[in-house]
Amino acid sequence: MFGRERIELKRPAQIEVMRRAGLVVASTLELLRENAVAGVSTGELDQLAREHLARHGATSNFLDYGADAAGHGGFPGVLCASVNEQVVHGIPGDQVLRDGDLISIDFGAVVDGWHGDAAVTVAVGEVAPEHAELVRVTEGALWAGLAAARLGGRVDDISGAIEDHVRASGDYGITDGLTGHGIGTAMHQPPYVPNVRTRGRSARLVEGLVLAVEPMVTLGTDDSRTLDDGWTIVTTDGSWAAHFEHTFTLTPRGAWVMTAADGGRARLEELGVPYGGP
Ligand code: MG
């Protein structure tokens, strides 16, 4: 996806605008979480998100993503709705949520040209204990990754912390080939942020770098495939998956989670990590 493209470092004023995009993402995901109940379709959630974006004067970075020069073939929703064995990139539509489902909702927003991107997995009604635990482990892996980031460190510190958290939690898969990413004037920018340790030297964590960190964890395999719709990625063994994501940056004071309503303060403090936001 990225070649020798340079890493975009943001000035503080630009990061302030990214925070505004992040807050729109946070409030939309909160609204979607409340509405992800049995009987609601993923298309209805998409409609709610569209209205919420418009109310906040923000636009969608998911809608038409990947379209060709003629504007065809792009992603048709403002969110990805991935249910149960669907890992990511599910297309919102007629699928109706049932009690016991897991729905991963990935959502992004653009404010004044700057992007935000985050995801949550929501338990619909009463879910099986192993599915509740999968959700807890995946969210824990995201925060372990964020908590491991320090100015002067490397992206691999984040990747390694995610991997260690998942491995220490039990027998889980970490979906291969899908990673987090830099984000700024585009949704997907270098560097990649893998969810497992990588060989070789990864990018340095410096002030002005903004990253989207997004572990995808399964109850089975690391392997996935794309459905015939050209988008939806499912586990090859049918095991269920969870996905959490936040957009964050590092300031000289600590970490600032731009797609968390409180900037990540509560969770970071719980983890003993300095909060770097205002
Ligand atoms: Mg992302």
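Analyst: Helices (H or I, at least four residues) and strands (E, at least two) are DSSP runs, numbered from the N terminus. Our structure is a predicted model, where local features need pLDDT of at least 70, side-chain atom pairs need 80 or more, and totals for chains, interfaces and linings use all residues. Residues are numbered from 1 along each chain as its sequence is written, and side-chain values use heavy atoms, without hydrogens or water.

User: Happy to dive in! Which element gives the most to the lining of the second largest pocket?

Analyst: A pocket is an open set of points on a 1 Å grid over the protein atoms alone, where a 1.4 Å probe fits, with protein on both sides within 12 Å along at least five of seven lines; lining residues have an atom within 4 Å of a point. Four elements, α1 (12-35), β4 (114-123), α3 (129-147) and α5 (265-270), each supply at least two residues of this lining. With 4 residues, the top contributor is α1.

User: Which residues of that second largest pocket lie nearest its centre?

Analyst: The lining of the second largest pocket runs to 20 residues. Those nearest the centre are E30, H246, T259, A260 and A261.

User: Let's look at the metal. Which residues coordinate the magnesium ion?

Analyst: Donors here are N, O and S atoms within 2.8 Å of the metal (3.2 Å for Na, K and Ca), and sites may look incomplete without water. For the magnesium ion, the donor distances run from 2.1 to 2.4 Å. The coordinating residues are D117 (OD), H181 (NE2), E214 (OE) and E245 (OE).

User: How are the donor residues of the magnesium ion spaced in sequence, and how many residues apart are D117 and E245?

Analyst: The spacing of the donor residues reads D-x63-H-x32-E-x30-E. The pair links distant parts of the chain, with D117 in strand β4 and E245 in the loop between β12 (241-243) and β13 (246-251). Between D117 and E245 the separation is 128 residues.

User: Is D117 buried or exposed? And is E245 buried or exposed?

Analyst: Buried means under 20% relative accessible area, exposed over 50%, and partly exposed in between (1.4 Å probe, protein chains only). D117 falls under the limit because its relative accessibility is 2%. E245 has a relative accessible area of 0%, so E245 too counts as buried.

User: N195 caught my eye. Which backbone oxygen lies 3.2 Å from a polar atom of the side chain of N195?

Analyst: N195 sits in the loop between β7 (189-193) and β8 (210-213), and N195 is buried because its relative accessibility is 3%. For polar contacts the rule takes N or O atoms within 3.5 Å, one able to donate a hydrogen and the other to accept it; residues adjacent in sequence count only through side-chain atoms on both sides. The N195 side chain reaches the backbone oxygen of L178 at 3.5 Å. At 3.2 Å, the partner is the backbone oxygen of E214.

User: Leaving aside its neighbours within four places in sequence, which residues is N195 in contact with?

Analyst: Contact means heavy atoms within 4.5 Å. L178 and E214, whose backbone oxygens the N195 side chain approaches, are both on the list. In full, the contacts are S159, I162, E163, I174, L178, T179, E214, P215 and M216.

User: Which backbone nitrogen lies 3.0 Å from a polar atom of the side chain of S60?

Analyst: S60 is found in the loop between α2 (42-55) and β1 (79-83). Beyond residues up to four places away in sequence, S60 touches L53, V78, G108 and V110. A polar atom of the S60 side chain is 3.1 Å from the backbone nitrogen of F62. At 3.0 Å lies the backbone nitrogen of L63.

User: Any backbone oddities to check? What is omega for the cis peptide bond that joins P190 and P191?

Analyst: P191 belongs to strand β7. The cis bond between P190 and P191 has an omega of about 0°.

User: What is phi of H89? And what is phi of D112?

Analyst: H89 lies in the loop between β2 (86-88) and β3 (102-111), and H89 is partly exposed because its relative accessibility is 29%. D112 lies in the loop between β3 and β4, and with a relative accessible area of 59%, D112 is exposed. Each residue is other than glycine and has a positive phi. For H89 phi is near 65°, and for D112 phi is near 50°.
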